[in-house]
Amino acid sequence: MALAVSLRKALFILLTVTIFVLLVLYWNQSVLKPQFLNSAHEKSPQSSPRFKDNLIPIEKKWTYKCAGDKCVRYHYSDVVKGEKRVPFITCSMTCGEISIWPQPTIKTAVSTKSLKFSMDDIQLRLDTPYKGVEKHFRIAFDLFLKDLRHIQRLNLPKRSEQEQETERERSANNADGQSRLLTGNAIVANDKQRSKRFQLDQRIKGSHAQYGENIGAASILSRAFSTRKQCDIDSLTVNVVIHKFSDMHLSLETDESYQINTAYEKRHYRVHISANTFFGARHALSTLQQLIWFDDEDNLLRTLSKVIIVDSPKFRYRGLMLDTSRHYFSLEAIKRTIAAMSHAKLNRFHWHITDSQSFPYVSKHYPELASYGAYSDHETYTLEEIREVANFAKLRGVQIIPEIDAPAHAGNGWDWGPKHGLGELSLCINQQPWSFYCGEPPCGQLNPKNNNTYLILQKIYEELLNATGPTDYFHLGGDEVNLECWSQYFNDTDLRGLWCDFMLNTMARLKIANNHIDPKVVAVWSSGLTNTKCLPKSHFAVQVWGASSWQENYDLLDNGFNVIFSHVDAWYLDCGFGNWRATGEGACSPYRTWQNVYKHRPWERMRLDKLHKRQVLGGEVCLWTEQVDEGQLDNRLWPRAAALGERLWSDPDDEHDMDVVPQDVFKRMSLFRSRLVELGIKAEPIFPKYCARNPGECI
């Protein structure tokens, strides 16, 4: 018995010494990082329920070769024995033109050689004198890493409510500004040796239950060495420099440009990002993410060995509008939409919160609006939730633009005034026959001669501005006023003049709500009023929703207005799904394909000179939701909205037929759509999978 005990002790000591030597050797290579616990080698991606629905299946039977700048598919059994299988994405990223969406604008140079690495090799080094920029960018980088974990198919357990709340708090700018080095999911302490010991202790402790005290640590090290042997990169450092501007609020004057340069030497890969603002650096992360892909043959990430990109947007306003009145959309769905926007470099989320159908916003000062106007107690947005969405968006380079449409499109939610001694706040509510008094049921139009109406709007503007932050751009609505409604009450009045007075009064109330400061740009929808001399062109911009062939496009520019194009014949994504009413025009047709969105260049079709083109702030795709709820949201928006992203960011020259999209655009769009799917966006396919896997055959 004593001999057996002595032998066990001797073996234990020998094993302990062996492990210690291995650990010391490993310290000299790199820091052992906790992500190995979730290594793709330990757990099959298919076993993770979180990604099961979003994974693109691994195609072990096919391999691809680059021929004539196209990837050609071969059955792997027909390939020379011993030749390694090349996944489609690896071939696509190294064959032909670079696959980035939207296409960079100024300079792009990349190698065709790719390098393998692991999530665990990524580090951030941030150089900025601005604490606010540092704080936000570090969180944004953490989100970038989280997306890479999705791409690498690493298992992420479902977060608890407490973890989600912690993320909300961080997103609300409560993270400390202490200088830190981010690696994978971890924040490495300043004392590197202490960090190594802590991580190794955690690894050894964590392995006890599953593998036994010492065998577990040895197994972990074995896998670590195996992974590192496969990699081409021992460390991947992202060096970010942001020195010029400290502003954390996106405006029409924000510099969104950036540069990316990479260098590879002695198994060390360095990414150099320089930008003048947080927002430019954030766009650089979106581009960098597209330069990284998952190779399912090696179960590792890959990137190109050399990259040079100089990039800057052509248009300042690149928007997406979502109507949350006709159908309610959860915060999760809205956030998912904003996250997808950031990948396509769209930068303005126009939130059409209310309309005549429902009033889901719970005002702090006037909760009666939602009490009388929301579909249910669960289908509402509180001020805190709007603030949460705004902070979520900022970290992704997106500005929230809330809209409480007025004076038209204001029915349900406004009918409680008489009961509370405030008089009639809105007129014609639910009036029949509705076709006489509004564009679609139910009707409702604010009372322009009730001062309480303006007071309520002022308080709502104040609340929304407080939640979304300082802005130089605000949307007042202002479209489709029906003068027949008002004529029932004010038949001795100049009704168009009354409409004009209403918009000027709401602008004055907006100024009061904005700390007595006029926003630089106040937007309204195009209407009969914008064709008059009512609104001062120095303050108002017009969002043009009518057809691109309408004369108003030219008149607005000639009258000196800045414009945002949202032409119904190209950029309305709700069109083409049939009439939702038994009578009357309840739908617009036909369906706007992503090619329709992409090919629409109104500034070229209108042959605008340089002066008039400077008045075009940008454009916006619109999704009205008469026939859309949360179940269709992703595939109604994506990838069609991404087509606008490239049109407004890059605006590539149209050297082809106006109705034909070049083959390389199909290739890049198809790959971008696949990336969205990988990240949990249920984007619709642009053609059969066969066409995606055989570039050029179907076009």
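This is a short group-meeting talk about one predicted protein model.

Hi everyone. What you have in front of you is a predicted model, so please keep that in mind as I go through it. I'll begin with the whole protein, then pick out a helix, a sheet, the cysteines and one loop residue.

So, the overall picture. The protein has 22 helices and 23 strands. Of its 699 residues, 57% are buried. Its accessible surface adds up to about 29400 Å², and carbon and sulfur atoms account for 52% of that. How about contacts along the chain? If you take the contacts between residues at least 6 apart in sequence, 75% of them join residues at least 24 apart.

Okay, on to a helix. Find helix H3, residues 131–151. Here's a little check you can do yourselves. The helix has 21 residues, and at 1.5 Å a residue it should span 30 Å. The C-alpha atoms at its ends are 30 Å apart, so the expected span and the model agree. Is H3 mostly covered or mostly open? Mostly covered: 18 of the 21 residues in H3 are buried. And after the helix comes Arg153, which has a positive phi, near 65 degrees.

Next, a sheet. A quick reminder for anyone new to this: strands in a sheet pair through backbone hydrogen bonds, and they can do that parallel or antiparallel. The one I picked is an open sheet of three strands, in the order S4-S12-S11, with antiparallel pairing. Which strands sit at the edges? Those are S4, residues 114–117, and S11, residues 292–295, and each of them pairs on one side only. On average, neighbouring strands in this sheet are turned by 35 degrees against each other, if you ignore direction. Let's zoom in on one of the pairings. S4 and strand S12, residues 300–304, run antiparallel and are joined by four bridges. If you want a spot to click on, try Ser114, which stands opposite Leu304 in S12.

Now for the part I enjoyed, the cysteines. A disulfide is a covalent bond between the sulfur atoms of two cysteines. How many disulfides does the structure hold? Seven. I'll walk you through some of them.

Start with Cys66 and Cys95, whose sulfur atoms are 2.0 Å apart in their disulfide. The torsion about that S-S bond is about 70 degrees, so we call the disulfide right-handed. Cys66 is in strand S1, residues 62–67, while Cys95 is in the loop between helix H2 and strand S3, so the bond ties together parts that are 29 residues apart in sequence. The two ends have their own surroundings, too. Cys66 has 45% relative accessibility, so it counts as partly exposed. Cys95 has 1%, so it counts as buried.

Another disulfide joins Cys428 to Cys485, with an S to S distance of 1.9 Å. This link is right-handed, with 105 degrees about the S-S bond. Why does it tie together parts that are 57 residues apart in sequence? Because Cys428 lies in the loop between strands S17 and S18, and Cys485 lies in helix H12, residues 483–487. Cys428 is buried, at 5% relative accessible area, and Cys485 is buried as well, at 0%.

Then there's the disulfide of Cys438 and Cys443, where the sulfur atoms are 2.1 Å apart. Here the torsion about the S-S bond is about -70 degrees, so this disulfide is left-handed. Both of these cysteines, Cys438 and Cys443, are buried.

What about a cysteine without a bond? Look at Cys622, which is in no disulfide. The nearest cysteine sulfur belongs to Cys575, and it is 9.8 Å away. For a disulfide, the two sulfur atoms would have to be within 2.5 Å. Cys622 is buried, with a relative accessible area of 0%.

Last stop, a loop. Glu83 sits in the loop between strand S2, residues 70–75, and H2. With a relative accessible area of 30%, Glu83 is partly exposed. Which residues does Glu83 touch, leaving aside neighbours within four places in sequence? Lys65 and Tyr76 are in contact with Glu83. Also, Glu83 and Thr63 are 20 residues apart along the chain, and their C-alpha atoms are separated by 9.9 Å.

That's my tour. Thanks for listening!

Key. Residues numbered from 1 in each chain as written. Predicted model: local features only at pLDDT ≥ 70, side-chain atom pairs only at ≥ 80, totals over all residues. Heavy atoms only, no water. Pairing = 2+ DSSP bridges. Helix = DSSP H or I, 4+ residues; strand = E, 2+ residues; numbered from the N terminus. Axes fitted to C-alpha atoms, helices over the stretch in contact; angles between N-to-C directions. Buried < 20%, exposed > 50% of the residue type's maximum accessible area, 1.4 Å probe, protein only. Contact = heavy atoms within 4.5 Å. Areas by Shrake-Rupley, 256 points an atom, 1.4 Å probe, with all protein chains shown as cover. Expected span 1.5 Å × (residues − 1).
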